[in-house]
Amino acid sequence: TRPIRIAPSLLAADFSRLGEEVRAVAAAGADWLHLDIMDGHFVPNISYGPAVVKAMRRHTAMPFDVHLMIAPVDPYLAAFAEAGAQIISLHAEAGAHLHRSLQAIRALGVKAGVVLNPGTPAGAVEGVMDLVDLILVMTVNPGFGGQSFLDSQLPKIATLRRMIGATGRDIALEVDGGVTTATAPRCIAAGADTLVAGTAIFGTSDYGAAIRSLRGTAVH
Ligand code: DX5
Ligand code: ZN
C-alpha cells in the first residue's frame, strides 16, 4: 500500500488568520499545503494571488502545491515560482499550449502538474506524460469549496493510475473536491496517493483528527 499525502486547501481556512491556520495544519500532520488560485475568468470565483502565497512561506516549510485556475497562465508562472511554490499545476483546458506551459514550469525549477476538470478525459495528459510530476483529478467543477464529490470521476483515477504505472516514473496522483472521510477511501482504492481537502479539515475543530481520518490512520 502506498503512503497517502494530505494537502489541506487554504481556501477553506479563516482568511483573517491565514498564517495561524497554515501553522495549525502543519502541526496537525499535513504533508503539502494546497493553494487555489482563481481569476474570476477561468473559474467563476476570485481567491488570492502570489503575494499571499509568498506570505504563507514564512509560516511553514511544507511543500506548496499551487493549483492555478487562471487563463492565460504563462504570464504568471514565474511569480508563483518566486513566491515559493514547489509544485505548480495548470488546467489542461486553460490554454492552447499545455506542453509548452509545462516546459516553462520545469524551466523555473519547479515540479509541474496537470489538472483535469470533470468533463476532461484521462487521455488529455497522454502527450505530456514525460513532463508531469503530478496529475490532479477534479472531483467537483473548480471554483468553490464545499461542493459534493462526483463519483463519476473514480474510473478516471483508476485509468490514470494505470497510465502512471506504465511510465515507471513517480508521478503523484491527486484528487481535489468533495474529499471527506466518506469519499477518501474510494479515491485511495482507485489509486490516488494525494488528497486535497478544504472543508473536511478547516471545517472541523480538530485538524489532526481530520487529517488522520482522511489518511486512513485514525484509531477507531
Ligand atoms: C475547488 C478547489 C478545491 C477546493 C476544495 O476549485 O480546487 O481545492 O478548495 O474544497 P473542498 O475540499 O471543500 O471540496
Ligand atoms: Zn484545488
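In the predicted model, helix α1 exposes Glu20 and Ala27 on one of its sides. The other side of α1, which spans residues 18-27, holds the buried residues Glu21, Val22 and Val25. These three residues lie on the same side of the helix because the arc they cover around the axis is only 100°. The cover over the buried residues of α1 includes two strands, β1 (5-8) and β2 (33-38), together with the helices α2 (50-57), α7 (199-202) and α8 (207-215). Just after α1, Gly29 adopts a positive phi of about 105°.

A comparable description can be given for helix α5. This helix contains 14 residues, and the span from its first C-alpha to its last is 21 Å, close to the 20 Å expected at 1.5 Å a residue. Its buried residues are Leu154, Lys156, Ile157, Leu160 and Ile164. They are placed on the same side of α5, since the arc they cover around the axis is only 150°. These buried residues pack against β6, β7 and α6. The face of α5 turned away from the buried side carries Pro155, Arg162, Gly165 and Ala166, which are exposed. After α5 comes Gly168, with a positive phi near 75°.

The strands β6 and β7 also border loops that contain annotated positions. According to the unreviewed UniProt entry, the annotation "binding site" covers Ser9, His67, Gly143, Phe144, Gly145, Gly146, Asp176, Gly177, Gly178, Gly198 and Thr199. Of these annotated residues, Phe144 and Gly178 are described here in further detail.

Phe144 is located in the loop that runs between β6 (134-138) and α5 (154-167). This residue has 16 C-beta neighbours inside 10 Å and therefore counts as partly exposed, a residue being classed as buried only from 20 such neighbours upwards.

Gly178 occupies the loop between β7 (172-176) and α6 (184-190). With 24 C-beta neighbours inside 10 Å, Gly178 counts as buried. When neighbours within four places in sequence are left aside, the contacts of Gly178 are with Thr139, Val140, Gln147, Ser148, Phe149 and Thr183. Two annotated loop residues thus fall into separate burial classes, Phe144 being partly exposed and Gly178 being buried.

Notes. Residues numbered from 1 in each chain as written. Chains lettered and ligands numbered in written order. Predicted model: local features only at pLDDT ≥ 70, side-chain atom pairs only at ≥ 80, totals over all residues. UniProt positions renumbered as here; feature names shortened; annotations may be inferred. Helix = DSSP H or I, 4+ residues; strand = E, 2+ residues; numbered from the N terminus. Buried ≥ 20, exposed ≤ 12 C-beta atoms within 10 Å, placed from the backbone. Contact = placed C-beta atoms within 7 Å. Arc of directions from axis to C-beta. Expected span 1.5 Å × (residues − 1).
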